[in-house]
Amino acid sequence: MSFLRFILAILFLVSIFGVSNAHYKLSPTFYAFTCPNVIHVVRDVMEQIQRRDVRAGAKIIRLHFHDCFVNGCDGSVLLDNATGIISEKDANPNVGIGGSDIVDEIKTALENVCPGVVSCADILALASEIGVVLAGGPSWLVPLGRRDGLTANRSGANTDIPSPTETLDVMIPQFTRKGLGLTDLVALSGAHTFGRARCRTFNQRLFNFNGTGRPDPTLDPNYLQTLRRLCPQGGNGGTFAKLDKSTPDQFDNHYFTNLKNHQGLLQTDQELFSTSGSSTIGIVNNYANNQYKFFDDFVCSMIKMGNVGVLTGTKGEIRKDCKRVN
Ligand code: HEM
Ligand SMILES: *[C@@H]1O[C@H](CO)[C@@H](O)[C@H](O)[C@H]1NC(C)=O
Ligand SMILES: *[C@@H]1O[C@H](CO)[C@@H](O)[C@H](O)[C@H]1NC(C)=O
Ligand SMILES: *[C@@H]1O[C@H](CO)[C@@H](O)[C@H](O)[C@H]1NC(C)=O
């Protein structure tokens, strides 16, 4: 083979590889021809639901996070029990998780205009962005083209999603395993700028922290009193508290100013600021001082999280009903 032919053959192989590779990358215009109105349809449904449920966006973005952390962003969190499917909904971090009904409403609206085209995993990614925007947060072009998985992984949900009583040194590797670094951990935790958490997810901080017989020393004393009234010892486990006490339904950087004031709700929230020597402290300060910086980093980290373990091309399927495989 002549040198020229050899070079041409290499270029040919590179181009094939490049094209097929591009084909399997997520893209904001993935549905441009197959479902051009996808964004409007999802936005309409989200706006309607938001009017009766202020937590709609919070519920959806949490579902997206719990989806991406278990077998990648493949809609596995949405599957109900069935033959061969052990639902992730019964995993500890998912007990009582909301938002599946919202996904179903969006899916129904999409099936009416472009049946069998838009995946449930993409619905979670797209509706998350819309929910953030509706709450006053940043907007971004959401990469699309995920396909839905054929399995659920309940044990994966129990091991891979951080629990709210974790210390920072446990949380960091849980994020690293998904390809997410310290900045991603802090920026994404900023999603706790809206939504609610039940007393049982943080009440160990209020009376007997870590077996000390005392409250969590990193908790502001006045905030501690407020939380004790809402969540008395041994009671009200199902009562909801605001994750961001100052602007509970707004997507802003007050989550980070709360942390600086020792008024983070979950132990895992406050850990980001109170773990001495940790480089997360600088990031929290940065976001508390500069909401633009938080918004920029949050968008980057959301896109990164939305790429974790995605199924593309001919892998998986496009579910007709997000609760079950076709
Ligand atoms: C860093 C580790 C994280 C931990 C330990 C954690 C833990 C929790 C817990 C315990 C709750 C309350 C659940 C309940 O009451 O049953 C919650 C709520 C929530 N989480 Fe997280 N979370 C983390 C990261 C994230 C991330 C990365 C996002 C999104 C990007 C997120 C978004 C939310 C939202 C929006 C809510 C409120 C949901 C609602 O109102 O229904 N969280 N989280
Ligand atoms: C789903 O199946 C698991 C395992 O068989 C069971 O423990 C769980 O209670 C079931 N959940 C529902 C909602 O039926
Ligand atoms: C479930 O998740 C765990 C933890 O990430 C992983 O090790 C395991 O391979 C997963 N199982 C399946 C069947 O995907
Ligand atoms: C709880 O106590 C154990 C053992 O004393 C210690 O290793 C751990 O760091 C403590 N956790 C917190 C959050 O302080």
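**Exercise 1. Place Gln 174 in the fold and decide whether Gln 174 is buried or exposed.**

Step 1. Gln 174 sits in helix H7, which runs over residues 168-176. The model used in these exercises is a predicted one.

Step 2. The relative accessible area of Gln 174 is 7%. Buried means under 20%, so Gln 174 is buried.

Step 3. Leaving out residues up to four places away in sequence, Gln 174 touches Phe 69, Thr 159, Asp 160, Ile 161, Pro 162 and Glu 166.

**Exercise 2. Describe the surroundings of ligand 3 and list polar side-chain atoms that lie by its oxygen atoms.**

Step 1. The residues around ligand 3 are Asn 71, Asn 153, Gly 156, Thr 159 and Asp 160. Thr 159 and Asp 160 are also among the contacts of Gln 174.

Step 2. Sorted by class, this shell holds four polar residues, one charged residue and no nonpolar residue.

Step 3. Three side chains offer an N or O atom to an oxygen atom of ligand 3. For Asn 153 the distance is 2.3 Å. For Asp 160 the distance is 2.6 Å. For Asn 71 a polar side-chain atom lies 3.1 Å from an oxygen atom of the ligand.

Step 4. On its own, ligand 3 has 360 Å² of accessible area, and the protein covers 39% of that.

**Exercise 3. Do the same for ligand 4.**

Step 1. Thr 167, Phe 209, Asn 210, Gln 267 and Glu 271 surround ligand 4.

Step 2. The shell consists of one nonpolar, three polar and one charged residues.

Step 3. The side chain of Asn 210 has an N or O atom 2.5 Å from an oxygen atom of ligand 4. The protein covers 35% of the 360 Å² of accessible area that ligand 4 has on its own.

**Exercise 4. Take the annotated residues Asp 67, Val 70, Gly 72, Asp 74, Ser 76 and Glu 88, and work out whether they are gathered or scattered.**

Step 1. An unreviewed UniProt entry lists these six positions, Asp 67, Val 70, Gly 72, Asp 74, Ser 76 and Glu 88, under "binding site".

Step 2. They span 22 residues in sequence, but no two of their C-alpha atoms are more than 13.1 Å apart, so they gather at one spot.

Step 3. Look at Asp 74, in the loop between helix H3 (56-68) and helix H4 (100-113). Asp 74 is buried because its relative accessible area is 3%. Its contacts beyond four places in sequence include Asp 67, Arg 147, Asp 148 and Arg 319.

Step 4. Now look at Glu 88, which is found in the loop between H3 and H4. Its relative accessibility is 0%, so Glu 88 counts as buried. Beyond four places in sequence, Glu 88 touches residues including Val 70, Ser 76, Asn 94 and Asn 153. Of these, Asn 153 also belongs to the shell of ligand 3.

Step 5. The side chains of Glu 88 and Ser 76 make a polar contact at 2.9 Å.

**Exercise 5. Repeat the analysis for the annotated residues Thr 193, Asp 244, Thr 247 and Asp 252.**

Step 1. The unreviewed UniProt entry gives "binding site" for Thr 193, Asp 244, Thr 247 and Asp 252. They span 60 residues in sequence, and yet no two of their C-alpha atoms are more than 9.7 Å apart, so they gather at one spot.

Step 2. Thr 247 lies in the loop between strand S2 (240-242) and helix H10 (254-260). With a relative accessible area of 18%, Thr 247 is buried. Beyond four places in sequence, Thr 247 is in contact with Thr 193, Asp 252 and His 254.

Step 3. Asp 252 is also in the loop between S2 and H10. Asp 252 counts as buried because its relative accessibility is 8%. Its contacts beyond four places in sequence are Thr 193, Asp 244, Thr 247, Gln 291, Phe 294 and Phe 295.

Step 4. A polar contact of 3.0 Å joins the side chains of Asp 252 and Thr 193.

**Exercise 6. Classify His 192 by accessibility and list what it touches.**

Step 1. "Binding site" is also the UniProt label, from an unreviewed entry, for His 192. His 192 lies in the loop between helix H8 (182-189) and strand S1 (196-198).

Step 2. Its relative accessibility is 26%, so His 192 counts as partly exposed.

Step 3. Not counting residues up to four places away in sequence, His 192 touches Leu 243, Asp 244, Tyr 255, Leu 266 and Asp 269. Among these, Asp 244 is one of the annotated residues of Exercise 5.

Conventions: Residues numbered from 1 in each chain as written. Chains lettered and ligands numbered in written order. Predicted model: local features only at pLDDT ≥ 70, side-chain atom pairs only at ≥ 80, totals over all residues. Heavy atoms only, no water. Near = heavy atom within 4 Å. Polar contact = N/O pair within 3.5 Å; in protein donor to acceptor, adjacent residues only side chain to side chain. Areas by Shrake-Rupley, 256 points an atom, 1.4 Å probe, with all protein chains shown as cover. Nonpolar A, V, L, I, M, F, W, Y, C, P; charged D, E, K, R; others polar. UniProt positions renumbered as here; feature names shortened; annotations may be inferred. Helix = DSSP H or I, 4+ residues; strand = E, 2+ residues; numbered from the N terminus. Buried < 20%, exposed > 50% of the residue type's maximum accessible area, 1.4 Å probe, protein only. Contact = heavy atoms within 4.5 Å.
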